[in-house]
Amino acid sequence: MRLILGGINGDYLRNLIEGASVIDEGVRITESVWAAVAYATDAKDAGSLIRWCFDQNIPLKFWGRLDEEVPVRVEILNLFLNRRSPEFVCKLVKHHHSKVIWWRGFGVYIGSANLTYSAWNSNVEAGCFFTESEIDSQFEGDLNRLFTELDCNATMLTEELRDLMISRAKAIEAKKVPADSFWKHPSIYHWAGLVHTSPKKADDRRRAAFLAEWHATLQILRDIGATVSKAENRPSWVNPTASHGAQADQFLHAHYYHRTFDGRRADYERFFELNKGDPVKAREEAFEWWRELPSAPTNEDVAINVTANRLQEMLKEESLRQFSQADFRQVSSDVHAMIEYSRRVRNSIVGLQTSGVKYTIPEKLGALSEHVWMARSENGARVTDVIQHILYGGPDDLLPERLWDAVADPKWKLECMGISAYGELVGWAMPDKFPPRNGRTSKALRSLGYDVLVHVT
């Protein structure tokens, strides 16, 4: 975590943009930006974020404040309208005063700074920046709920709303026209704001939202597994006895890496906009591409025919009781979510030297797996205990609830283990009941037009 205090400690928001611009192994670390910032009043300085996204072609969702004082300047609204792209979305929300910028793939800033010249350069502002590796599942869930709440109660930017802002700005300058007329405009969505919610109710809402989304996506994955494993859809290099879940996972793996990338970045959100009207059609077209492949594009054959079987054996209940650290290291090297997390986890968290050394991914993964192996939850559970609890701690139909325990309940929660890692482990242990799911799986589903949540942890 970094404290962003501008001129007080020399760490400015523009420094975060520099970090978000980093290219790692040919891929930009920032996949998209979600910004909930109430005020954006200086079109030139807004370029520190908004213009950067436009110039770098990084998808941006921006939620600004909606009120009669025109908190988002018209020049900024025009930037979005002139772009005319589903990847650059602006919405305005009543009762919105937050300042949160989430460079997805890099990290999130939460503080006091608006998108104004003074806030980014001369004001006394205070905020914290959390790297993606510091965002645990509950943190991520709360962030997603913030953006979902804003989105559900937002007014979409239209030319009519922009024109209303132009006339309102002129009225303010001329000191005439009461504010009442502003709120009567038919394009405005009226929202009364939040009501008080007790901590228990908030926890219940988090859990219910997670389970609803998880079950819905689970059924999508099951349907894909059942279809892609049919003889008429199965490539010749896939063993006919391979689990449906493994085939679904690797179909989505190949589709994501070979059909959604635009140069250095995954363009799955653009494909989502194109396919959301008919995801079945997009899925069928992808099946056709998959079954005609003469060979596996990126070792999907090994994952389906060899790795999946090994993982299923290693994650059996009796095997987990005898699990060694070396076994966990082996499993970690086969879990995509843990490999991806090892790329971005801070060296200091996993006990590596923080400067002067460039570690390889296997070295980072080794340090991560050792750190997780040594970790203990609040009730003393080790990682094997948590996995055992998720997989075999009760009826199969309640497994998603135990999955929620692992990421939200301190009794089971472990540092550096999130929903993507556990979701994938569950999938390799029980691939036909619970096909593997991680962040990459969700991105692939979105590219096919399915409105699923992409978990970053």
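**View 1. Met417 and its neighbours in a predicted model.** Let's start with Met417, in a structure that is predicted. Leaving aside residues up to four places away in sequence, Met417 touches Met338, Val372, Val383, Tyr422 and Leu425. One of these partners, Tyr422, shares a distinction with Met417: these two are the residues with the most contacts inside the largest nonpolar core.

**View 2. The largest nonpolar core, with 52 residues.** Which elements give two or more residues to this core? They are helices H8 (199-228), H12 (300-314), H14 (325-334), H15 (336-344), H16 (361-374), H17 (383-392), H18 (399-408) and H19 (419-429). Look for H19 in particular, as this helix supplies the largest share, seven residues. Another core, of 45 residues, lies apart from this one. Leu13, Trp52, Phe54 and Ile76 are among the residues of that other core.

**View 3. Helices H18 and H19 cross.** Follow the two axes and you will find that they come within 10 Å and cross at roughly 145 degrees. The crossing is right-handed. On the H18 side, the contact is made by Leu399, Leu403, Ala406 and Val407. H19 brings Ile419, Tyr422, Gly423 and Val426. How many residues of this contact are nonpolar, polar or charged? Seven are nonpolar, one is polar and none is charged.

**View 4. A salt bridge within helix H8.** Here the side chains of Arg206 and Asp203 meet, at 2.3 Å from N to O. Both residues lie in H8, three residues apart, which is about one turn of the helix. Is Arg206 buried or exposed? Arg206 counts as buried because its relative accessible area is 14%, and the cut-off for buried is under 20%. Asp203, at 41% relative accessibility, is partly exposed.

**View 5. A salt bridge between Glu284 and Arg283.** The side chains of these two residues meet at 3.6 Å, N to O. Arg283 is buried, with a relative accessible area of 12%, while Glu284 is partly exposed at 36%.

**View 6. Lys316 with Glu313, and a salt-bridge network.** Lys316 and Glu313 form a salt bridge through their side chains, at 2.9 Å from N to O. Lys316 is partly exposed, at 30% relative accessibility, and Glu313 is partly exposed too, at 44%. Elsewhere, salt bridges that share partners join Asp142, Arg145, Asp203 and Arg206 into one network. A search of the whole structure finds 27 salt bridges.

Notes. Residues are numbered from 1 along each chain as its sequence is written. This is a predicted model: local features need pLDDT of at least 70, side-chain atom pairs count only at pLDDT 80 or more; totals for chains, interfaces and linings use all residues. Side-chain values use heavy atoms; hydrogens and water are left out. A nonpolar core is a set of buried Ala, Val, Leu, Ile, Met, Phe, Trp, Tyr and Cys residues joined through side-chain atoms within 4.5 Å. Buried means under 20% relative accessible area, exposed over 50%, partly exposed in between (1.4 Å probe, protein chains only). Helices (H or I, at least four residues) and strands (E, at least two) are DSSP runs, numbered from the N terminus. Contact means heavy atoms within 4.5 Å. Axes are lines fitted to C-alpha atoms, for helices over the stretch in contact, and angles run from 0 to 180 degrees between N-to-C directions. A crossing is left-handed if the near helix is turned anticlockwise from the far one by less than a right angle, and right-handed if clockwise. Ala, Val, Leu, Ile, Met, Phe, Trp, Tyr, Cys and Pro count as nonpolar, Asp, Glu, Lys and Arg as charged, and the others, Gly among them, as polar. A salt bridge is a side-chain nitrogen of Lys or Arg within 4 Å of a carboxyl oxygen of Asp or Glu.
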